[in-house]
Amino acid sequence: MKLSVAIVNQNQCSLLKQAINALIDACKNIDYELIMIDNASTDGSREMLESEFRTVQLIANTENRGIAKANNQALQMCRGEYILLVTPDTKCGMDSLERMIGFMDEHKAAGGLSVRMISPQGHFIPESIHGLNPGWAAFFKLIGFAKHLAKTRLYDKTRKDWVEEFQITEIDIINGACMFLRRSALADVGLFDERFARYGYDIDLSYRLRLAGFKNFYFPKTYFFKYEDQQTNNFNGNQVRYFYGAMLIFALKYLLRLPEIKVQALPQLYPASYDIKG
């Protein structure tokens, strides 16, 4: 199998339906599978999936397990040479996946890539290139970690190697909204560190890929639309705790050398304990 596509959803039914339809259209010439992890949605997402997308492999969690754990559930099911982890508030272009596969086929050292993200109004989203929002960028600068992210290109736009919207370039951090990963690279570095429950899991995995000798790329020869994430906009006290907690975990892990946990590797078969629908 060439491609596994996995989405973690919680209460984004209408956007999810749009995302899945676009992905199915984009995969018409690809040997693929589509895996859904639903984190205890209450908006009819599960019912919509079961009635309208019966070929989707669905894990319906009875509680919100967070994004890192849910992504790991999906990754343990994936059989494709490549894995696309994408959020429900995105919509891919018709030939996006074929172009991404073509690039990865040609660049064997690539562990993963992210693509050019644009808003529904057609505006370029800068996080497409460096994979960090302003909060994380400021944090890395504050703790002195930015020097370890030489390819992030956050601060000095006068540099001669500053990357523009349409330039293919090597990057440090893959955009968490659209992570296109080589499965064999994940077999080397392991799955997401689940201590980063909701934030920072993508940054940590991207950094581990680079530490392991793989290259991450920004690939702007195709695009994804990125819609407004209502869950991010409704930033409550609990989410703030997870957000700044992730920063603390990252600092402890890489600056103060918090003892490593064993990050689970990809298995060869489906885990028997999962309730798989579809």
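Q: What makes a residue count as buried, and why is Ser 206 called buried in this predicted model?
A: Buried means under 20% relative accessible area. In this predicted model, Ser 206 has a relative accessible area of 0%, which is under that limit, and therefore Ser 206 is called buried.

Q: What does Ser 206 touch, and what does its side chain reach?
A: Ser 206 lies in helix α8, residues 201-211. Leaving aside residues up to four places away in sequence, Ser 206 touches Asp 172, Ile 173, Ile 174, Met 179 and Asn 216, while its side chain reaches the backbone oxygen of Asp 202 at 2.8 Å.

Q: Why is the pair of Trp 136 and Phe 140 called tilted?
A: Among the 22 aromatic pairs that the structure holds, the rings of Trp 136 and Phe 140 have their centres 5.5 Å apart, which is within 6.5 Å, and their planes at 45°, which is neither under 30 nor over 60 degrees, so the pair is tilted. Trp 136 and Phe 140 are four residues apart in helix α6 (residues 134-142), and therefore about one helical turn separates them.

Q: What makes the pair of Phe 145 and Tyr 207 edge-to-face?
A: The ring centres of Phe 145 and Tyr 207 are 5.3 Å apart and their planes stand at 70°, which is over 60 degrees, so the pair is edge-to-face. Because Phe 145 lies in the loop between α6 and β7 (169-171) and Tyr 207 in helix α8, the pair ties together parts that are 62 residues apart in sequence. Both Phe 145 and Tyr 207 are buried.

Definitions and conventions:
Residues are numbered from 1 along each chain as its sequence is written. This is a predicted model: local features need pLDDT of at least 70, side-chain atom pairs count only at pLDDT 80 or more; totals for chains, interfaces and linings use all residues. Side-chain values use heavy atoms; hydrogens and water are left out. Helices (H or I, at least four residues) and strands (E, at least two) are DSSP runs, numbered from the N terminus. Buried means under 20% relative accessible area, exposed over 50%, partly exposed in between (1.4 Å probe, protein chains only). Contact means heavy atoms within 4.5 Å. A polar contact is a pair of N or O atoms within 3.5 Å; within protein, one must be able to donate a hydrogen and the other to accept it, and residues adjacent in sequence count only if both atoms are side-chain atoms. Rings of Phe, Tyr and Trp (its six-membered ring) pair if their centres lie within 6.5 Å; planes under 30 degrees apart count as stacked, over 60 as edge-to-face and the rest as tilted.
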